[in-house]
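Hi everyone, thanks for making time for this one. I'd like to walk you through a small set of computed features, so please have the viewer open and follow along.

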Amino acid sequence: MQKLLLDLGERAAWTGAQAALGLAVVELADVPVWWAAPVALALSSAKGWVAGRLGRKGTASTLPAAADPASLARGV
C-alpha cells in the first residue's frame, strides 16, 4: 500500500509541477494563457525522457525500480 501511495504522490506531484510551470512560463513570456497547454505537454515529454533514464524501462515512473510499484512481480 505504501508503494501505491508513493506512486500516486509522484504522479500528482509531476502533474502539478507541469501545470504550474506551464502557467509560469506563459505568464513570464506575456503570452495568452492557452499556451500553457502546449508548454505543459513539452514538459511532459521532458518528464518521459527523464523517466526513461531514471526509472524502470517500460514504465513512466521517475522512481527507482526498487520503489516503483510497476516493477514488482504480481501474482493473480
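Let me start with one cut-off, since I'll lean on it throughout: a residue counts as buried under 20% relative accessible area, as exposed over 50%, and as partly exposed in between. Keep in mind as well that this is a predicted model.

With that cut-off, let's look at Asp30. Its relative accessibility is 71%, and because exposed means over 50%, Asp30 counts as exposed. You'll find Asp30 in the loop between α1 and α2, just after α1. If you check the backbone there, phi is positive, about 55°, although Asp30 is not a glycine.

Now let's step back to the overall picture. The protein has two helices and zero strands. Of its 76 residues, 24% count as buried. The accessible surface comes to about 5400 Å², and carbon and sulfur atoms own 70% of that. As for contacts with a separation of 6 or more, 33% of them join residues 24 or more positions apart.

On to the helices, beginning with α1. This helix runs over residues 2–29. Its 28 residues reach 40 Å from the first C-alpha to the last, close to the 40 Å expected at 1.5 Å a residue.

Which residues of α1 are buried? They are Asp7, Glu10, Gln18, Gly22 and Val26, and these buried residues pack against α2.

Gln18 is a good one to zoom in on. Its relative accessible area is 13%, so Gln18 falls under the 20% cut-off and is buried. What does Gln18 touch, leaving out residues up to four places away in sequence? The partners are Ala40, Leu43, Ser44 and Lys47. Two of those names, Ala40 and Lys47, will come back in a moment among the buried residues of α2.

Before we leave α1, have a look at Leu8, which also sits in this helix. Leu8 has 47% relative accessibility, so it counts as partly exposed, in between the 20% and 50% limits. Together with Met1, Leu4 and Leu5, Leu8 forms a nonpolar patch on the surface, with about 450 Å² of accessible area for the group.

Now α2, which covers residues 36–54. It has 19 residues and spans 26 Å between its first and last C-alpha, close to the 27 Å expected at 1.5 Å a residue. The buried residues here are Ala36, Val39, Ala40, Lys47 and Ala51. They cover an arc of only 125° around the axis, which puts them on the same side of α2. A quick reminder on the geometry: an α-helix has 3.6 residues a turn, so residues three or four places apart point the same way.

What do the buried residues of α2 pack against? They pack against α1. On the other side of α2, Leu41, Ser45, Trp49 and Arg53 are exposed.

One last stop in α2 is Val50. Is Val50 buried, partly exposed or exposed? With a relative accessible area of 27%, Val50 is partly exposed. Its C-alpha is separated by 6.9 Å from that of Thr62, twelve residues apart along the chain.

So, to leave you with one picture: the buried residues of α1 pack against α2, and the buried residues of α2 pack against α1. Thanks for listening, and I'm happy to take questions.

Technical notes:
Residues are numbered from 1 along each chain as its sequence is written. This is a predicted model: local features need pLDDT of at least 70, side-chain atom pairs count only at pLDDT 80 or more; totals for chains, interfaces and linings use all residues. Side-chain values use heavy atoms; hydrogens and water are left out. Helices (H or I, at least four residues) and strands (E, at least two) are DSSP runs, numbered from the N terminus. Buried means under 20% relative accessible area, exposed over 50%, partly exposed in between (1.4 Å probe, protein chains only). Contact means heavy atoms within 4.5 Å. Patches are made of residues with over 30% relative accessible area and no salt bridge: like charges are joined within 9 Å, nonpolar side chains (Val, Leu, Ile, Met, Phe, Trp, Tyr) within 5 Å. Accessible areas come from the Shrake-Rupley method with a 1.4 Å probe; for residues, only the protein chains shown count as cover. A salt bridge is a side-chain nitrogen of Lys or Arg within 4 Å of a carboxyl oxygen of Asp or Glu. The expected span of a helix is 1.5 Å times one less than its number of residues. The arc is that of the directions from the helix axis to the C-beta atoms.
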